[in-house]
Amino acid sequence: MAEQSLRQWLLTDTPTSRRHAKLSALYHGWLSFRGNTMAMIGLCILLALVAVALFAPLLAPHDPFVQDLGNRLAPLGTDSHVLGTDSLGRDILSRLIYGSRITLYIVALVALIAPVAGLLVGTVSGYAGGWVDVVLMRITDIFLAFPRLVLALAFVAAMGAGIENAVLAISLTAWPPYARIARAETLTIRAADYISAIQLQGAGAMRIITRHIWPLCISSLIVRVTLDMAGIILAAAGLGFLGLGAQPPSPEWGAMISEGRRFILDHWWVATMPGLAIFTVSLAFNLLGDGLRDVLDPKGGE
Amino acid sequence: MSMLEIEKLNVWFGHGRDRVDAVKDASFTVARGESFGLVGESGSGKSTILRAISGLAPLWSGRMVVDGLALGKVRPKTFYKTVQMVFQDPYASLHPRHSVDQVLGETLQLHGFKDIDARVVKLLDDVGLGQKFRFRYPHQLSGGQRQRVAIARALAPQPALLLLDEPTSALDVSVQAEILNLLVDLRREHALTYVMVSHDLSVVGHMCERLAVMKGGEIVEVMGVDTLRRMEAKHPYSQSLLAASV
């Protein structure tokens, strides 16, 4: 009964306080998101990934760095090594579990840097117009003109290999599309009457951009980010595979594939298991992105 | 002293060969407390005059004086305490992600008011919306309710001059009457001056004391509402407009 009234409280058409209105809007979004089975599957996989990363020391059966050369390249289902061992006898399952931390770290950092930079550049460019727009968009064009991995490679080569530089390199190549999206959205929003209305209250450009334009751009950016996450994970794995991302013995998934490549014909699981992990997480992000697009797209529904 | 003086106002869009002259040599004055109508067909430049006064149409020449203050290209912040505008389409003039409370609260905050909570309550009462609408989002409101919120927002800084850009043309006929009556009441209570744009002569006849008829960016005739009622317009275009609206 209490739950029923909570539900009614959340679904009311007449919210009684600021908090109530916010919660009600959130709950409506959650309800429409929950109706999308595929998106829920994606969300569950990602929540599981976060849990695995959080509780890695508890979940991992072995130390991911301990080598056991006598038991190297053990096949799947070996005693106490469910996913086998790699070329140095390290437990692959434990390395995958600890590797989820690195994957999440990369994803979170890129997701913090690239869209925010893109949003800033795009909305300022779209709202200001004139020469500001021209300068910012030509810079964006220059970044867009470089092939993504090549630019990342050049940056990492210049700054030195390592996970932080890989993140920066990926962010450097990832922000221009966000800037373009944000600019296009801003151009459609800036002429709207509600922007004119707030201008007539004497609001400055900074307030209009951050309070009035950002909230409307962010939803399409979030969707784009979740859809790009798969690409970001793959780019990070690619850099790791080329030896320019995470350095050994770090259990980064791309680096693990790179190590397993040498034995791929005789000992396929060494490269396949991290590959499956990357595949699963990428897929989960894509499913989540599709679901979020349905919920957040301001043009759909209301 | 008159509330609004417009003298030889020209407004245009674009530069060089793309230049479109939307308003040509428009002149009129509106007395304090008066309600003045601008009528004409679509594209005659009547809304553009309002946008020029409010500062939303930056390319203009001529002289505009509001409450004794000549307007320059950049409007001082105090200008927006004197002049406010209500837009035509209530479905486009409210931010889709901001609740009524946020819209009014931010407006009050921008104008430097301190007792925001009390004022939001007062504004909602003034425009005939109960407190139960305070935390709703625009999609939870009807067109008439949205326009009431927009009017409340325009009233928030306690302006003297309200520019009304076809405030009822996007609404149902029954709701139109409600909003028009609300505007009549508000003018009496707050001693407001109205400049109202409309293509509906009966609305202008109900709301205004004087009106200007516009055609192709020019004001062809300024007349009193009595003249309108007696169908005594002088200019042939005004006559045809009157004849068409009967």
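## Exercises on a predicted two-chain model

Chain B holds an open sheet of 4 strands in the order E2-E1-E4-E5, with antiparallel pairing, where helices (H or I, at least four residues) and strands (E, at least two) are DSSP runs numbered from the N terminus, and two strands pair if DSSP finds at least two bridges between them. The model is predicted, so that local features need pLDDT of at least 70 and side-chain atom pairs count only at pLDDT 80 or more, while totals for chains, interfaces and linings use all residues. Residues are numbered from 1 along each chain as its sequence is written, and chains are lettered from A and ligands numbered from 1 in the order in which they are written.

**Exercise 1.** Identify the edge strands of this sheet, and describe what packs on the sheet.

*Solution.* Step one: strand E2 (20–31) and strand E5 (69–70) of chain B are the edges, each pairing on one side only. Step two: E2(B) is joined to strand E1 (residues 2–13) of chain B by 8 bridges in the antiparallel sense, and B:Glu5 has B:Thr29 in E2(B) as its bridge partner. Step three: helix H1 (residues 46–54) of chain B packs on the sheet and touches E1, E2 and strand E4 (60–66) of chain B, its direction making about 75° with that of E2(B). Contact requires C-beta atoms, placed from the backbone, within 7 Å; axes are lines fitted to C-alpha atoms, for helices over the stretch in contact, and angles run from 0 to 180 degrees between N-to-C directions.

**Exercise 2.** Establish the surroundings of strand E8 (residues 193–198) of chain B.

*Solution.* Step one: 6 of the 6 residues of E8(B) are buried, that is, 20 or more other C-beta atoms, placed from the backbone, lie within 10 Å of their own. Step two: both faces are covered, with B:Thr193, B:Val195 and B:Val197 on one side and B:Tyr194, B:Met196 and B:Ser198 on the other. Step three: strand E3 (residues 35–40) of chain B pairs with E8(B) in the parallel sense over 5 bridges, and B:Val195 is the partner of B:Phe36. Step four: strand E7 (residues 161–165) of chain B also runs parallel to E8(B), joined by 5 bridges, and B:Leu163 has B:Val195 as its partner.

**Exercise 3.** Characterise the fold of chain A from its secondary structure and burial.

*Solution.* Step one: chain A has 12 helices and 0 strands. Step two: of its 302 residues, 39% are buried.

Conventions. Buried ≥ 20, exposed ≤ 12 C-beta atoms within 10 Å, placed from the backbone. Contact = placed C-beta atoms within 7 Å.
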